[in-house]
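Biologist: I should be grateful for a close look at a single part of this structure, with its surroundings described in order.

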Amino acid sequence: MNKPVDAPLGAAVVSGGVVGTDRPHESAHLHVTGQATYIDDMAEVSGTLHCALGLSPVAHGRIRGARLDAIRAMPGVVAVFTAADMPGANECGPIIHDDPILAPVAFNGDGSCTGELRYLGQPVFAVVATTREAARRAAARSKDVLDIETLPAVLSAREAHAQQQYVLAPMHLERGDAKAAIARAPRRLKQSLEVGGQEHFYLEGQISYAIPREDRGMLVHCSTQHPSEMQHVVAHALGLHAHDVQVQCRRMGGGFGGKESQSAQFACIAAVAASRLQRPVKLRLDRDDDFLITGRRHGFSYDWEVGFDDAGRMLGVEVTMISNAGHSADLSGPVMTRAVCHFDNAYWLPDVAIHGYSAKTNTQSNTAFRGFGGPQGALAIEFIIDSVARTLGKDPLDVRRVNFYGKGEKDVTPYRQKVTDNVIHELTDELVRSSDYLRRRVEVATFNAASPVLKKGLALTPVKFGISFNVSHFNQAGALVHVYTDGSILVNHGGTEMGQGLNTKVAMVVAHELGVAFEQVRVCATDTEKIANTSATAASTGSDLNGKAAQDAARQIRSRLAACAARRHGGRPEDVQFAQGKVHVNGRTLTFSTVVGEAYIDRLQLWSDGFYATPGLSWDRETMTGRPFYYYAYGAAASEVLVDTLTGEWKLLRADLLHDVGQSLNPAVDIGQVEGAFIQGMGWLTMEELVWQPNSGLLWTHAPSTYKIPTANDCPSVFNVRLFENSNVEDSIHRSKAVGEPPLLLPFSVLLAIRDAISAVGGHRIDPPLSAPATSESILCAINNVRSHLDSRNTGAR
């Protein structure tokens, strides 16, 4: 991977370099020694106050009174703020303005108030105190001081769908005549499926630290994936312009989409409090409050009907997808759009109708989560294929292969984008060989025939995941590269570091372009006063966009240095080579710092801005057609599980993953991303269960004691992860591919392997009614259902 990189016409050449090599995360040494600074680690400015939030104790209600003077009188309390105290707009919705910062309560002169409460956990007022403990104690009394008339609450997506209660208009994408194709098909199948949501569970919770500055200015240190959006919403809340607000983020302790839009509420509250009191204010949520206030991955409900032939070819399919959006729109629209656009996954669907509904419920407003609707869309078609195969008595892998997108034919998606980079056939074939799938399939059948209690399951599932923001104008990025006279380099870009290694990759790209060691490059905190109008670090575009922008800036500097070296030492600028900290010009070899020093003496600009916009994208949201994705990332996984049919307990025995990242910028980081995404996705599909109390609407699973995420013990003892050798057909950064989100779809193989093991209880004659998460209780229910149906069949036969 360290071959010479093509340079623009007339530019100098860089040979060798750091791109494509294994390197640890640029902050790894800080992480493991506890020296990495997160927002709560920053030294507090003198006079800093602390904020906590008073929450709604009901899922739906009408507020009639609030005795906030009782809160103000508590020890340490400095102020209590409500929606009435907002200098500007009391809303922080990223697209539709339907998401209040604080519950919209109007106070009357007689001490009464009016306003609607939309979910249990909705912030009603903000308490600012001298210590965090004092603020939390005061805020916890919300249920004692609020007079509320409780109203009926809608807690499930299906209930909201039945009432036609949505946060935005339904979406429909069709090709051909799905109903007619299904009716003509020799075989038909009709089913439903329920898939739960998933808590982000970032290690660092939501936090913002607002510091007033001169002339109405405001500095906000915010743990966010979208500093520019935080700048905009804070400015609106304060009634100021964007240039009055500066947002900084050096790193996050995890994000996974939960800090793309939902960090806005806390940034706004901290900034408003700081502005009103003219003192620094920090707002750091307790983990329980984080669960109760913020949204998470959308849970989905599905109803589908499919028509197919005896080979398992899908001839027509119609699916209705209902997401639980929560009480407001947030990002539910684009999440549903991506779900609709990923229903096909890796399969050609000739006649298809996809319907998407974003249900409005009295729960937290659900939001972005790694995959952004793509996993929810693709999971449905994988379940359909699994059921079709079982109906036909075939290996699901055979049915998957017969439905794969073709090359040169059967290669256009339902949203009319042509698939030009299809490698799913070769990648699947390679994984079948390397995982020894066919032999193990026989071994699993042999084991199950001799084991009445323990059953094994095996599944191999593919991934095709589109890369780019669906909204075309979000696909842009900027960067700054500064070269100092000692040869050291400072980089700033619009992306944010949340542990995924973005800064590491960007630093590698810049070091590669300038032909210097990785250690000579430093990436500083994301800052809205350095790079303006940035897009969120989301949609797996971080390296694609910001890497290209940084490359553009570095190449401009390299061209100037090459021209300077050629003028001083002879030769042509395009023949100057930069490699391993040296500059080769006209037969001479100089150090990089020497050439930089000469350029400074010649008064050449040693810094540059860079910009990148992804080419060729288009999207018509009315027809839901176009080219929303620059390219596709592919992958496949084979998983083997063991299920105890008496208890529903299960264990992942082995997982083989093969994933396409193009020409990897950093294989070590990319493999880590694939591994992490697989385990996180496995948690979503098998153990991370969200449970709301049906009467009160309280989220019961709002702490680590009740919400279980995977641990090291859940990793398989045999975990084979490899990168598929490939090169991006598009001009991405060094022909690499995104890696953040696509691998999260790989653990579909785990869920379907569990389903395969359950199916073995009935000799693979009964399709198990298994939904996700497939907890031990759900597995046991599915096993009992299979046994019940089997008994019914046997009784009928007698």
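Which residue in β20 does Val481 stand opposite?

Modeller: Val481 stands opposite Val491 in β20. The model is predicted, so local features need pLDDT of at least 70 and side-chain atom pairs count only at pLDDT 80 or more, whereas totals for chains, interfaces and linings use all residues. Residues are numbered from 1 along each chain as its sequence is written, and side-chain values use heavy atoms, with hydrogens and water left out.

The part in question is strand β19, which spans residues 476-483; strands here are DSSP runs (E, at least two residues), numbered from the N terminus. Six of the eight residues of β19 are buried (under 20% relative accessible area, 1.4 Å probe, protein chains only). The strand is therefore largely enclosed by the rest of the structure.

β19 pairs with β20 and also with β26, where pairing requires that DSSP finds at least two bridges between two strands. With β20 (residues 489-493), β19 runs antiparallel, and five bridges join these strands. β19 and β20 form a hairpin with five residues between the strands. In this hairpin, Gly487 takes a positive phi near 90 degrees.

Strand β26, residues 607-613, is likewise antiparallel to β19, and the two pair over seven bridges. Here His482 has Trp607 as its bridge partner in β26.

Note on methods
Buried means under 20% relative accessible area, exposed over 50%, partly exposed in between (1.4 Å probe, protein chains only). Helices (H or I, at least four residues) and strands (E, at least two) are DSSP runs, numbered from the N terminus.
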